Amino acid sequence: MPELPEVETMCRGVRPIVGGWIQRVIDPKCRYRPVVCQPAMTEIQRRLRGQQITGITRIGKRVVIETEKYALVLQPKMTGLVSIDNPPDSEHVRLVLELRDCTVPRLIFWDRRGLGTIGLIARHAIASELIEGKLGPDALAISPKEFQQQLATTRRPIKVVLLDQKRIAGIGNLYASEMLHAASIDPRRAAAELDATEFRELHRHMRRILLKAIRYEGSTLSDGTYRNALNQSGNYQNEHRVYDRADQRCPRCSQANITRIVQAQRSTFFCTHCQH
DNA sequence: CATATGTCCTGAGAGC
DNA sequence: TGCTCTCAGGACATAT
């Protein structure tokens with residue numbers, strides 16, 4: 001499931017398209033239900049034709065492809081990915097940008113389950129449409145002080161609060177469990193109960209883990225869905241300490257097995273012995 | 001307002 | 001072996 005490190009890796013991988021021109025936008029009309037588009041696909045095709053790509057940015061867990069006039073917003077959600085002419089298969093291709101004057105012939109948005117979305121907005125509206133009132137500070141930009149301020153105002157479990165994109169942007173289910181284990185914090189505790197030292201530790205491990213996961217180009221889970229822009233697996237899955245490791249010995253304390261619980265309909269993995 | 005629940009979708013894997 | 005069932009979770013809509 002693409003979270004901050006996976007989306008950042010996608011953005012870096014497709015950066016070679018910057019400077020290219022969009023010759024044509026193709027709707028591959030795959031056999032699955034059409035991907036959710038805003039506005040309609042035909043309107044996206046009309047507006048993007050002939051635009052030059054000026055930049056690629058990550059906003060939370062979205063890939064934003066900027067042109068002079070527009071921002072094409074690709075939201076991978078569970079199984080989406082952005083690829084340089086190298087999708088895992090052809091049947092789940094949801095959008096193709098044909099490029100010219102570019103070393104890359106095509107940019108592809110691919111999504112197996114089709115929960116992802118495609119949006120097109122005016123470039124000057126990026127902040128008002130995507131950020132303001134919708135997303136908290138990015139997990140890699142937030143200061144330790146701001147981190148505590150954003151999270152400490154609720155009694156909901158800290159694990160659930162870390163997933164709230166309005167409070168902090170970029171963390172998903174996998175990295176939330178990993179960073180809480182690294183910081184030795186019980187995921188069930190009320191966010192407001194953590195003290196300043198614990199928030200500092202959590203912030204430190206959050207940065208460390210997200211940056212390391214980016215270096216490893218993200219996590220490809222057992223279903224093998226996530227790939228980088230060149231259709232290669234990530235490598236961070238081999239570094240997971242708790243995620244999807246229920247009933248295995250805790251790699252830190254060896255005193256208990258990793259436990260799986262459900263919080264807000266999502267799996268959480270943690271060690272009952274060394275997370276307090 | 002804050003918080004909780006339901007929904008979208010496909011394919012992998014479990015169980016019989 | 002082949003069928004049916006469950007589950008994975010990001011973001012948003014709707015309910016409480």
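This passage describes the nonpolar cores, one helix and the DNA-facing surface of a predicted model.

The largest nonpolar core comprises 38 residues, among which F147, I158, L162, L202 and M206 touch the most other members. At least two residues of this core come from each of α4 (144–151), α5 (158–162), α6 (173–182), α7 (196–215) and β11 (266–271). The greatest contribution is that of α7, which supplies seven residues. The surroundings of L162 illustrate the packing: when neighbours within four places in sequence are set aside, L162 is in contact with F147, L151, I168, I171, A176, M179, L180 and L202. A second core, separate from that one, contains 36 residues, including C11, V25, L74 and I118. In soluble globular proteins, nonpolar side chains tend to be buried together.

Helix α2 spans residues 41–48, and M41, I44 and L48 are buried within it. Viewed along the axis of α2, the buried residues lie within an arc of 60 degrees and therefore line one face of the helix. An α-helix has 3.6 residues a turn, so residues three or four places apart point the same way. On the face of α2 turned away from the buried side are the exposed residues T42 and R46. The buried residues of α2 pack against a set of strands, namely β1 (21–26), β2 (36–38), β4 (62–67), β5 (70–75), β7 (93–100) and β9 (117–122). Just after α2, G50 adopts a positive phi of about 85 degrees.

DNA strand C is surrounded by 15 residues, of which M78, L115, Y243, R260 and R266 are the closest. Of the atoms of DNA strand C that come within 4 Å of the protein, 61% belong to sugar and phosphate. Sorted by class, the surface near DNA strand C consists of six charged, five polar and four nonpolar residues.

Individual atom pairs between side chains and DNA strand C involve both phosphate and base. A polar side-chain atom of K61 is 3.0 Å from a phosphate oxygen of the strand, and a polar side-chain atom of S267 is 3.4 Å from a phosphate oxygen of the strand. For R266, the partner is a base nitrogen of DNA strand C, which lies 2.3 Å from an N or O atom in the side chain of this residue. R266 is also one of the residues listed as closest to DNA strand C.

Note on methods:
Residues numbered from 1 in each chain as written. Chains lettered and ligands numbered in written order. Predicted model: local features only at pLDDT ≥ 70, side-chain atom pairs only at ≥ 80, totals over all residues. Heavy atoms only, no water. Near = heavy atom within 4 Å. Polar contact = N/O pair within 3.5 Å; in protein donor to acceptor, adjacent residues only side chain to side chain. Nonpolar A, V, L, I, M, F, W, Y, C, P; charged D, E, K, R; others polar. Buried < 20%, exposed > 50% of the residue type's maximum accessible area, 1.4 Å probe, protein only. Helix = DSSP H or I, 4+ residues; strand = E, 2+ residues; numbered from the N terminus. Arc of directions from axis to C-beta. Contact = heavy atoms within 4.5 Å. Core = buried A, V, L, I, M, F, W, Y, C linked by side-chain atoms within 4.5 Å.
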